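This report covers two topics: the contacts to a DNA strand and the pairing of aromatic rings. Please look at the model first.

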Protein chains: 2
Amino acid sequence: MLNMRSAHDDRTARAVIRDRALELFAAQGPDSVTVRQIASAAGVSPGLVIHHFGSKEGLRSAVDEHVAAVFDGLFARAEAGGLDMSDGGSFAETLLENLPPGSSIPGYLRRLLLAGDAAGTTIFRRWFAAGAAATEALVARGLMAPGRDPAVRTAFVMVGDLMLLLLRDQLADVLGVDPLGAEGAARWAEEVLDIYRNGLFGTEGEPS
Amino acid sequence: MLNMRSAHDDRTARAVIRDRALELFAAQGPDSVTVRQIASAAGVSPGLVIHHFGSKEGLRSAVDEHVAAVFDGLFARAEAGGLDMSDGGSFAETLLENLPPGSSIPGYLRRLLLAGDAAGTTIFRRWFAAGAAATEALVARGLMAPGRDPAVRTAFVMVGDLMLLLLRDQLADVLGVDPLGAEGAARWAEEVLDIYRNGLFGTEGEPS
DNA sequence: CAGCATACTAAACACATGTTCAGTCGATGG
DNA sequence: CCATCGACTGAACATGTGTTTAGTATGCTG
């Protein structure tokens with residue numbers, strides 16, 4: 001009843017197809033990727049892709065679920081304190097560190113959010129919940145002020161972080177440095193920390 | 001030599017096709033929109049679409065150029081001070097106010113940026129330049145501190161604003177309020193202003 | 001061993017796609 | 001008025017699409 005290779009798992013052709021599909025979907029957008037391209041990248045026949053996932057749409061949701069599972073795992077680890085998060089509370093950076101270099105998952109997330117896909121919204125919700133939990137913890141320890149509108153405050157901080165993932169290329173273009181690379185991340189973190197500490201209007205918190 | 005109707009312009013079929021294409025592209029993504037859908041939405045034959053734009057790709061770039069022109073116009077007016085920008089310096093809000101309600105341009109911009117399209121990068125650059133100019137003006141008048149890394153600071157502020165456009169739906173989902181609607185915008189602006197004034201760590205700028 | 005289910009392929013199918021083509025209509029200009 | 005040019009259509013075309021089908025090989029189960 002079980003899959004033949006479900007025990008010694010992720011080398012199965014099914015998983016290979018899913019992974020190649022993830023890469024192609026992230027790079028070109030799901031609509032302009034053909035079943036034949038995926039099959040060729042995975043070294044199998046087009047028929048097998050349909051055999052395993054029922055349809056191209058089925059493959060898409062399998063990829064969605066896989067990506068969601070990866071994020072859920074990371075969020076769970078982050079909330080349990082299992083991730084180091086030493087870099088100024090940036091989950092975006094932490095994410096990149098815990099993904100294989102060159103992973104297509106950030107690119108795919110970008111596509112999910114851009115298209116307003118339901119799977120993307122779910123991940124966004126989860127991210128927001130994790131951010132809210134982190135905020136509460138910081139507030140409880142007196143390390144952060146809750147603000148008048150804690151939900152909005154959490155959203156703002158979260159979104160400033162998420163942006164690094166979503167607009168990485170465009171930011172790299174105007175700044176001349178990859179904001180998620182070594183140098184860029186340091187510059188970004190320093191400046192953001194300065195704003196979070198002193199605001200925008202004075203270097204040492206001059207009141208107006 | 002000139003187009004027959006190029007004088008009393010934007011009611012020409014060519015413009016109608018371009019506008020319907022913009023709407024469909026923004027809603028579904030260019031790849032999953034067919035020439036026949038566009039033709040049908042514009043009330044013309046598929047052949048005419050190609051007749052006017054050469055190819056579907058030609059139509060895409062015509063839409064890109066049109067969107068870029070709209071943005072350029074707005075940036076020019078903003079830099080000249082012709083836009084009121086009374087709402088806490090949010091260009092996203094100003095943009096929405098100067099666009100017909102329900103315009104597809106924000107949605108199309110989202111697609112351009114998240115797909116990494118060159119046209120999107122161009123608009124992003126222009127936006128950044130406008131933000132940098134606004135920042136400089138504020139700094140010159142002593143209304144804002146330049147920070148240690150002015151480029152990064154400008155990018156951060158700009159990106160926090162741009163987010164409202166790009167993640168509007170997701171933010172509305174987690175906040176329960178459209179952050180670009182009347183109530184949501186007020187809440188958002190108030191909280192962001194608080195952060196920009198006092199930072200994240202204290203309501204009245206308590207140093208650590 | 002037989003029986004069976006599963007992974008897998010090659011070829012075909014039905015259909016939707018972007019594009020072309022031949023031709024009609026209507027206006028404009030000499 | 002006639003010739004020409006551009007807007008425009010309906011039907012066709014070539015191709016690429018997702019999917020189906022028939023069939024082979026292989027390993028598991030009784």
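## DNA contacts and aromatic pairs

In this predicted model, 16 residues surround DNA strand D, and those that come nearest are A:Thr34, A:Val35, A:Arg36, A:Lys56 and B:Ser45. Of the strand D atoms within 4 Å of the protein, 58% belong to sugar and phosphate.

Three polar contacts are listed here.

| Protein side | DNA strand D side | Distance |
|---|---|---|
| A:Arg36, side-chain N or O atom | base nitrogen | 2.8 Å |
| A:Lys56, polar backbone atom | phosphate oxygen | 2.7 Å |
| B:Ser45, polar backbone atom | phosphate oxygen | 2.8 Å |

Two elements give two or more residues each to the surface near strand D: α2 (35-42) of chain A and α3 (46-53) of chain B. The largest share, three residues, comes from α3(B). By type, the residues of this surface are six nonpolar, seven polar and three charged.

Now the aromatic rings. Over all chains, the structure holds 15 aromatic pairs. A:Phe156 and B:Trp188 have ring centres 6.0 Å apart and planes at 70°, so they pair edge-to-face. This pair crosses between chains, from helix α8 (residues 150-166) of chain A to helix α10 (residues 182-198) of chain B. A:Phe156 is buried, at 3% relative accessible area. B:Trp188 is buried too, at 5%.

A:Tyr196 and B:Phe156 also pair edge-to-face, with centres 6.1 Å apart and planes at 80°. Here the crossing runs from helix α10 of chain A to helix α8 of chain B. Both residues, A:Tyr196 and B:Phe156, are buried.

Which residues form one aromatic cluster? They are A:Phe156, A:Trp188, A:Tyr196, B:Phe156, B:Trp188 and B:Tyr196.

Note on methods
Residues numbered from 1 in each chain as written. Chains lettered and ligands numbered in written order. Heavy atoms only, no water. Near = heavy atom within 4 Å. Polar contact = N/O pair within 3.5 Å; in protein donor to acceptor, adjacent residues only side chain to side chain. Helix = DSSP H or I, 4+ residues; strand = E, 2+ residues; numbered from the N terminus. Nonpolar A, V, L, I, M, F, W, Y, C, P; charged D, E, K, R; others polar. Phe/Tyr/Trp six-rings, centres within 6.5 Å; stacked < 30°, edge-to-face > 60°. Buried < 20%, exposed > 50% of the residue type's maximum accessible area, 1.4 Å probe, protein only.
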